[in-house]
Each structure stands twice: as C-alpha cells, then as structure tokens.
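Let's take a walk through a protein model, piece by piece. Keep the 3D view open while you read.

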Amino acid sequence: MPKAGQIYAKWYEKAGGLCEGITPALLAAQGQAESNFSPTVGSGAGAVGIAQFLPATFQNYGQDEDGNGRTSPLDPADAIMAQGRFMCSLYSRAKKSGYSGDPVALALAGYNAGWGAVERYAGIPPYKETTGYVSKILADAKRWTLNLSVSGTGAGPDAVRRATQHLGLPYVWGGGTPEGPSTGFCDGTNGYLNGACFAATHSGFDCSSFTQFAYWPSIKLPRVASDQYGATAGKPVSRSELKVGDLLFWTHGGPGGIYHVAMYYGDGKIIQAPRTGKKIEIVPISQAMPERDYYGATRP
C-alpha cells in the first residue's frame, strides 16, 4: 500500500473514532480509492483533494483540524476529518433507512453516487462504478486493518507495511521482483501443483523475493534466502528480542541449508510467502515451518 497513506495514519485513526461503524481502515481504503492519497488531485466533476470533496459538500463538514489558519479540502487533515464526519452522517442515514444491506456499504455508495441515488434504489445503486467502488473499499479495508496495526517507524515497520498489501497473493516459485509480483518457473522439483506447473501461470512471490520486495529500495537485500542471511548475519537477534521487520530463517542444516525466510510482524507472528499451494499470510512463528528447522533471526 502506498507509503503516503501511512503518513496520514494519525488522521485516519482520529477520523475513524468519530462514530461506530466507520473505522480508520475503512477511511484509509476509501482515501486510496478516491485519490491514492494525493492532496492535490482533482476530477472533471469538480471534486478535489485527498477525499475528493465537492466544495459545497466540504463546507458542511470541513474544519481547520491542524490549526494552520485555513479550512480547505486540499488540506489532508481537514479533508480526512471531514471525510469521517460525512461518512458518519451517511452511516447514520443508512442505519435508519431500513434498506437491505450492510449500512457501511450503503454509506460508501452514498459517498460515491450521492445519498439520493441510494434512496432512489432503496439500496446500493446498480451503477458499475458504485458497486465496484463499494466492493473494492470493503476488501481493501481488511488489509488496511493489518497495515495500520503495524506500529513504529523505520525500515522494518515500513517493510512490513509494504508487505501487507499483498496478503492473499499466491506463493510462486521464482516469482517476484523488487518492483512487485510476477510469474515464476518450475525447475523439475519446485513450482508444481497437482502435477501442473503452477508457477509459470500465476503471479506472486516466493519467500525471499517477498522479503526483498518489502525492503526495497531502502535496503537492497539479495535475491535468495541464504544470501539474505549472509548479508544480515552481522546483526543477529534473539527470539525474545524480535522487532517488526526482523528476518527469520529456517534451515535443513547450517547457513548453507537455509530454505525459508519470513519477516516478524509483531505479537509473536510472522508475515510470509510459505510454499506452492498456499498464499501470503500472517501466522504465529510456531506454525510457519517445522520448529526444529528454525535457525535464527537478523535485523537488516
């Protein structure tokens, strides 16, 4: 997920606490859909700013949130808090409306198409743009819940936040680059699923391309797990002192036998691309790989 979204995390946290039903993660996902977190973007319809407000609508909900002496939809703090107030108002209408469907989904539809359209159809309007908007934000909010829960600053937390955007993506042997997911290949042993070469027909990451992607470009890790250990072995970390973003390694025997790498997510969990047939996931360390194979951790 764009790092810009994390810059405004404190405002999404604040705006997401204004009422029930409207969470920080939902507002962050909505901000990404509206403007990709650009405070200066505009639309042909006259909407402006990070939350894409029409000036008339913003007048009803905007305040000078950051104390800079102005109230503007182009000011991210003002716009995000106004977004929260507007969504709370729409959520309240949705709950009182009696229309079928999730009130959060109805509120999102009202933000996109106008509440009048929701009233006209007594539910989410059957507009392709609106139904796609609602579905995307609800799906992305689940990932933002995890993204916003990652605390701290620096290369490690930033890497984990970057990694969370690809939760649910398939493991692909040989796939993935510092720029993002890609198709992989089969080598006679790896990359197959149910007798077919899964890696060549799907886009994703393997374990080490995933950690490489997460840290790039602030730290340019090597491509394979054993080399990543070699590049970071000078900063070993005990299991009791793990911090967000630390690399964890599993081996069949010594540094030359390292076969898997993952990143510490926090709270005793790691985020990893596990193996062919599985997807990028967050799991307890003890469930990642066989405990007997755990080799150690390092801090890039």
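Here is a short tour that goes from the domains to the cores, a buried residue and the sheet.

## Two domains

First things first: this is a predicted model. Its chain is split into domain 1, which covers 3-149, and domain 2, which covers 155-298. Measure between their centres over C-alpha atoms and you get 34 Å. Where the two domains meet, domain 1 puts in six residues and domain 2 puts in seven residues.

There is also a database label to know about. An unreviewed UniProt entry lists residues 153-300 as "domain: NlpC/P60". In the model, that span is 18% helix and 25% strand, and its end C-alpha atoms sit 14 Å apart.

## The largest nonpolar core

Now look inside. The largest nonpolar core has 43 residues, and the members that touch the most others are Tyr12, Leu26, Ile50, Met87, Leu108 and Tyr111. Several helices chip in with at least two residues each, among them helix H2 (9-15), helix H3 (24-35), helix H6 (103-113) and helix H8 (128-149). Which helix gives the most to this core? That would be H5, with 11 residues.

Zoom in on Tyr111 to see who its neighbours are. Leaving out residues up to four places away in sequence, Tyr111 touches Gln30, Glu34, Ala51, Phe53, Gln83, Phe86, Met87, Leu90 and Tyr133. There is a second, separate core too: it has 25 residues, including Tyr171, Ala214, Ile258 and Ala273.

## Gln52, tucked into a loop

Gln52 is found in the loop between H3 and H4. Is Gln52 buried or exposed? Gln52 counts as buried because its relative accessibility is 14%, and the cut-off for buried is under 20%.

So who does Gln52 meet there? Setting aside residues up to four places away in sequence, Gln52 touches Glu34, Val41, Gly42, Ser43 and Ala47. With Val41 there is a polar pairing to look for: a polar atom of the Gln52 side chain lies 3.2 Å from the backbone oxygen of Val41.

## A mostly covered helix

Helix H9 runs over residues 155-164, and seven of its 10 residues are buried. The buried ones are Gly156, Pro157, Ala159, Val160, Arg161, Ala163 and Thr164.

## The six-stranded sheet

Next up is an open sheet of six strands with antiparallel pairing, in the order E5-E10-E6-E7-E8-E9. At the edges are strand E5 (236-237) and strand E9 (281-284), each of which pairs on one side only.

Strand E6 (residues 247-251) is a good one to follow, with five of its five residues buried. In a regular strand, side chains alternate between the two faces of the sheet. E6 has Leu247, Phe249 and Thr251 on one side and Leu248 and Trp250 on the other, and both faces are covered.

How does E6 connect to strand E7 (residues 258-266)? The two strands run antiparallel and are joined by five bridges. In E7, Ala262 is the bridge partner of Leu248, while Ile258 is the partner of Thr251. The hairpin of E6 and E7 has six residues between the strands, and there Gly253 takes a positive phi near 155 degrees. E6 also pairs with strand E10 (residues 294-298), antiparallel again, over four bridges. In that pairing, Leu247 stands opposite Thr298.

Conventions: Residues numbered from 1 in each chain as written. Predicted model: local features only at pLDDT ≥ 70, side-chain atom pairs only at ≥ 80, totals over all residues. Heavy atoms only, no water. Core = buried A, V, L, I, M, F, W, Y, C linked by side-chain atoms within 4.5 Å. Buried < 20%, exposed > 50% of the residue type's maximum accessible area, 1.4 Å probe, protein only. Contact = heavy atoms within 4.5 Å. UniProt positions renumbered as here; feature names shortened; annotations may be inferred. Polar contact = N/O pair within 3.5 Å; in protein donor to acceptor, adjacent residues only side chain to side chain. Pairing = 2+ DSSP bridges. Domains from an automatic or database assignment.
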